[in-house]
Amino acid sequence: MFEKYDIIVVGGGHAGCEAAVAAGRIGGKVLLISMSLENLGFMSCNPAMGGIAKGQILREIDALGGMSGIIADYTTIQFRMLNRSKGPAMWSPRAQIDRLAFTGKWRQCIESVENISLWQDAVEKIIVKNDKFYSVKTKLGIEIRAKCCIITSGTFLNGKIFIGRKWFESGRLGEVASKGLTESIKKYGIESDKLKTGTSVRLDGRSIDFKKLIEQKGDENPGRFSFTNTPRPEKQRSCFLTYTSPVVHDILKKGFKDSPLYHGMIKGAGPRYCPSIEDKLVKFEDRQRHQLFLEPEGWNTYEYYINGFSSSLPEDVQYKALRKIKGLENAKIIKPGYGIEYDFFPPTQLDYSLESKKTENLFFAGQVNGTTGYEEAASQGLMAGINAIRKINKFQPFILERSESYIGVLIDDLVTKGTNEPYRMFTSRAEYRLLLRQSNADMRLTEKGYNIGLCPGTRFNVVRKKIDAINRIIEYIEYNRLEGDKINNFLENVGTTKLKLKSNIKDLIKRPQVSIFRLYELIDDFKDFVESFDLKYTKNEVLEETEILIKYEGYIMKEKEMVEKIQKLENLSLNKDLDYMKLKGLSLEARQKLQEIKPKNIGQASRISGISPADISVLLIFLKR
C-alpha cells in the first residue's frame, strides 16, 4: 500500500499541518499521519489566532510562505490590532476565528498540495537503524518507511485528562491518547518529561445574558495576518467582557480539595502565563476579581469559549461558580474545562534545525518541544518541514537568528535554555523587538522564503516593489520642503507649532501629532508621488512602514548597532566535537551545560543558563589560543 516517502509527519495539529505543507510545496513526498483527519489544524483551546508576540510569529510564518496566516484571514470573525496605544514594536494582530471553518480550510489546503498523502492511524513506534531514522510502525501494525520523520504529536503522547478527581487517557476531550510512541523514542536515548495545560468551559450562548456584559467590538477598519491580498472581514462578531467576584472565588476554593493540581494527581508544570483559574486564586489571592472574555466559536454556532476560566476543578464546582458571574446566572455548559498532562521531549536535545542530536533525520516540532500556543507550534512545524526536506537534498539547515525574527528567538530559547514549563512567546523575550515589527516581517523574511523555494516569485516581487517605494518615498520627503502657508492651519489644529521657515516633510512626520496619512491627503504633490508607484493593496502598508522608519529612526539605528556588536559573538564558531569537560578553566556547571548543549557559537553559549561572563572569557581565550 505504501511507497517510500521523503518525510513522514506524525500528527495533524498546527505544527504538523505547517510541516507537511512546507515540505510538500518545496518538493518532498510527504505522508501526514493523524489519528483524526477530520480535525487537521484543530483549535484545542480558544478560537483565536495571534495576540501579543504571537501575531508577530503569524506574520513571519506568512512572510516565509507558510499558511497559518492565510487560513486565519479566510476564517476570521473579528480582528483587532492590540497595543496600538504603544510603540510599533508592541503592535500585535489578533483575530477570533471560526473554529470549524479553520479546520476545514486546513484540510482543503493540504489536499491541494499534490505531494502530500494522508493516512488515518496512530504511530506507536519509530524504528532507528545505525542512529538514523528508518521507519514508523502504526497501531494497525503497518510499517512505513521514509527518509525523515517529524514528530508533532501535541498533547497526545500519553495524554491524561483531569476533571476533579476523575481522570482518563485522552489527547483532547473526546479523542484517544497516543500510546507507545514516547517509550519507543526513549529507547534511542532521547529523554522525555511531563507538562500540563488546560482549557476552559464552553457555554451555550443562548443561556448568556449579554445585556449584562461589556461588549468588545473588532477594529473599525480590520487588518489581516497575511501580506497577500487575503480578504478582510466585511462583518464581525463581538466578544464580551465580565469578571469573577469574591463569591465566585469562595465557591471555587471549596473545590480545591478535589483539584488534581493540589492533591498530587498532576505532576507536570503548568503554563505560567496562561494559568488556570485555581492557580490565579492561589498566586493572586489579594485580587477581588479576575477578567473573563467570552469568545464566539464561529458564525454558525451558539458556542462560546470563556477565556480566563481554564480549570480542572470538578464540573459541578465549575457550574456553581459560573452561575455567580454577572451575565452567566443561567448559563448552560456544553463542555467542561479540564486539565491535561502529556509527555514532551526537552528541546535542548535538538539542533537549531529541530533535528534530534541523538537520532539523525528525526525532527520534533510543537508542543512536544515544550511550547504552548498554536502560533509557536505552527512556526516550529514550518521550520522542521523546511529543514527536513533540505536535509534530504543535502542543503545546509535553514536557521533564523534572534536578530531577524521572533521564530529565531523561539527556537534559540528552546534549544539553548530549554524549558521546564510550557513556553510562551512574548515581545519581552526579543531583545531586538523594534527591528522585529509585525509590519516589516515580509521585508525581513520573504526573500529568504523565496530562496528556499517556499515563497513564490510573485510574492517576492510585491515585497521588492514595497521596499523600493518606501526608500524612494523617504528620499522624496527628505528633499521636498513646504511653505508654512500650505500647512500651518493643519499644524495649529493638531496642536503643534506652526512653520516660520520652510521645512521638509520628514521633519513634520517626526512630530508626534502629525500622521503621514494626513499629509498624504493634504499635500497634492506628495499624494501624486505615492500614487505613481504600482502598490495596489500595499499602499497603506508602505505609508505606515515609512512613518515608523521616520518617527523611530534614532531608536532603530541604535538597535541595529547593538545587533552588529552581538553578531561578532555569533560569528565565533565552536567546534561541535569540542570536549568541554577537559577545559579546566570553566566552572563544573559550565562544563556540564556546554557538554550537553554543544552550542554552535559563543553567542549561543553566552545565553545558556548557568554560563557566567567568566566562563565566556575562558572560551574566548581558548579560541584565540
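Is phenylalanine 240 buried or exposed? In this predicted model, phenylalanine 240 comes out as buried, with a relative accessibility of 10%. That residue is a handy way into the aromatic contacts, so to speak, and its ring partner is phenylalanine 210. Phenylalanine 210 is partly exposed instead, its relative accessible area being 24%; the cut-off for buried is under 20%.

Scanning the whole structure turns up ten aromatic pairs. One of them joins phenylalanine 210 and phenylalanine 240: the ring centres sit 4.6 Å apart and the planes meet at 45 degrees, so this pair is tilted. As for where the two partners come from, phenylalanine 210 belongs to the loop between strand E12 (193-204) and strand E13 (214-216), while phenylalanine 240 is part of strand E14 (residues 239-243), so the contact ties together parts 30 residues apart in sequence.

Phenylalanine 345 and phenylalanine 364 make another tilted aromatic pair, at 5.1 Å centre to centre and with 55 degrees between the planes. Here phenylalanine 345 sits in the loop between E18 and E19 and phenylalanine 364 in strand E19, so the pair ties together parts that are 19 residues apart in sequence. Both rings belong to buried residues: phenylalanine 345 has a relative accessible area of 2%, and phenylalanine 364 has one of 1%. Elsewhere, ring pairs join up Tyr476, Phe526, Phe529 and Phe533 as a cluster.

Rings also pick up charged neighbours. Lysine 160 lies over the face of tryptophan 167, 4.7 Å from the ring centre. Arginine 206 does likewise with tyrosine 302, lying over the ring face at 3.8 Å from the centre.

Turning to the backbone, asparagine 361 shows a positive phi of about 70 degrees despite not being a glycine. The loop that holds asparagine 361 runs between strand E18 (338-344) and strand E19 (362-364), and that loop between E18 and E19 is also home to phenylalanine 345. Asparagine 361 counts as buried, at 12% relative accessibility.

Aspartate 131 is likewise not a glycine, yet has a positive phi, of about 65 degrees. Its place is in the loop between strand E7 (123-129) and strand E8 (132-138). With a relative accessible area of 56%, aspartate 131 is exposed, whereas asparagine 361 is buried.

Definitions and conventions
Residues numbered from 1 in each chain as written. Predicted model: local features only at pLDDT ≥ 70, side-chain atom pairs only at ≥ 80, totals over all residues. Heavy atoms only, no water. Helix = DSSP H or I, 4+ residues; strand = E, 2+ residues; numbered from the N terminus. Buried < 20%, exposed > 50% of the residue type's maximum accessible area, 1.4 Å probe, protein only. Phe/Tyr/Trp six-rings, centres within 6.5 Å; stacked < 30°, edge-to-face > 60°. Lys NZ or Arg CZ within 6 Å of the ring centre and 35° of its normal.
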